[in-house]
Amino acid sequence: MTRRDKINYYLDIAETVLSRGTCLRRLFGAIIVKNDQIISTGYVGAPRGRANCTDLGYCTREKLQIPRGQRYELCRSVHAEQNAIIHASRADMIGSTMYLVGKEVSTGEYVKNANSCAMCKRAIINAGIDTVIVRDDKENYRVISVSEWIENDESLDGTFGY
């Protein structure tokens, strides 16, 4: 038996977490890890007490054909990254790593070029997370230094989507 490398091990856990999501468009799972300890997990879903898209049977953004990365104020869900951050203490998150996996609901394929949206990037920066690792496929991933998001502020050039 071969042992799974540590990064893919944590990405596998984040992928398991996404199965709890309730979005009809894209499912994401996120976990925050520090010193080889999982601090928090998060998946996409409506705020507590509100109906999920899976309960309603439709996605407003899909219905309006809104491109990914835009108009998130119309989304019912709290993103996986936000949910993971909400459930952790900032003191625990400083210097941590977030592992993120996204899958298309319609095909089950990994989200191509997945990345955190502008709002999640801001939350990740303020949480004190140092690194975000995003799965591209079952074996490959990208390592993003959060300092890049601080230095390259997309809100200053009007960049939309991801």
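**Entry 1. Q65 and R71**

I began with the accessibility of Q65 in this predicted model. Q65 has a relative accessible area of 69% and is therefore exposed, the cut-off for that class being over 50%. I then located Q65 in the loop between α3 (60-63) and α4. Its backbone drew my attention: phi of Q65 is near 55°, a positive value in a residue other than glycine.

I looked up R71 next, which is also not a glycine and has a positive phi of about 55°. R71 is found in the loop between α3 and α4. I recorded R71 as partly exposed, because its relative accessibility is 45% and this class lies between the limits of 20% and 50%.

**Entry 2. The sheet**

In what order do the strands of the open sheet lie? I read the order as β2-β1-β3-β4-β5, five strands with mixed pairing. The edges are formed by β2 and β5 (141-145), each of which pairs on one side only. I noted an average turn of 20° between neighbouring strands of this sheet, direction ignored.

I then examined one pair within the sheet. Strand β1 (residues 26-34) and strand β3 (residues 97-104) run antiparallel and are joined by eight bridges. For R26, I found the bridge partner in β3 to be E104.

**Entry 3. The largest nonpolar core**

I turned to the largest nonpolar core, which holds 34 residues. Which of its members touch the most other members? I listed I85, M98, Y99, I124 and I129. Two or more residues each come from α1 (6-18), β1, α4, β3, α6 (118-127), β4 (131-135) and α7 (146-151). The element that gives the most to this core is β1, with six residues.

**Entry 4. The second largest pocket**

I next looked up the second largest pocket and noted a volume of about 260 Å³. Its lining comprises 14 residues, and those closest to the pocket centre are Y43, G45, A46, R48 and N83. Two or more lining residues are given by β2 (37-43) and by α4 (80-86). I recorded β2 as the source of the largest share of the lining, three residues.

How is the lining of this pocket divided by class? I noted seven polar, five nonpolar and two charged residues.

**Entry 5. Cross-reference**

I compared my entries for β2 and α4. Strand β2 is an edge strand of the sheet and also gives three residues to the pocket lining. Helix α4 gives two or more residues to the lining of the pocket and two or more to the largest nonpolar core.

Methods:
Residues numbered from 1 in each chain as written. Predicted model: local features only at pLDDT ≥ 70, side-chain atom pairs only at ≥ 80, totals over all residues. Heavy atoms only, no water. 1 Å grid on protein atoms, 1.4 Å probe; cavity = no way out; pocket = protein on both sides within 12 Å on 5 of 7 lines; lining within 4 Å. Points joined across faces, edges and corners; volume = space filled by probe spheres on them. Helix = DSSP H or I, 4+ residues; strand = E, 2+ residues; numbered from the N terminus. Nonpolar A, V, L, I, M, F, W, Y, C, P; charged D, E, K, R; others polar. Pairing = 2+ DSSP bridges. Axes fitted to C-alpha atoms, helices over the stretch in contact; angles between N-to-C directions. Core = buried A, V, L, I, M, F, W, Y, C linked by side-chain atoms within 4.5 Å. Buried < 20%, exposed > 50% of the residue type's maximum accessible area, 1.4 Å probe, protein only.
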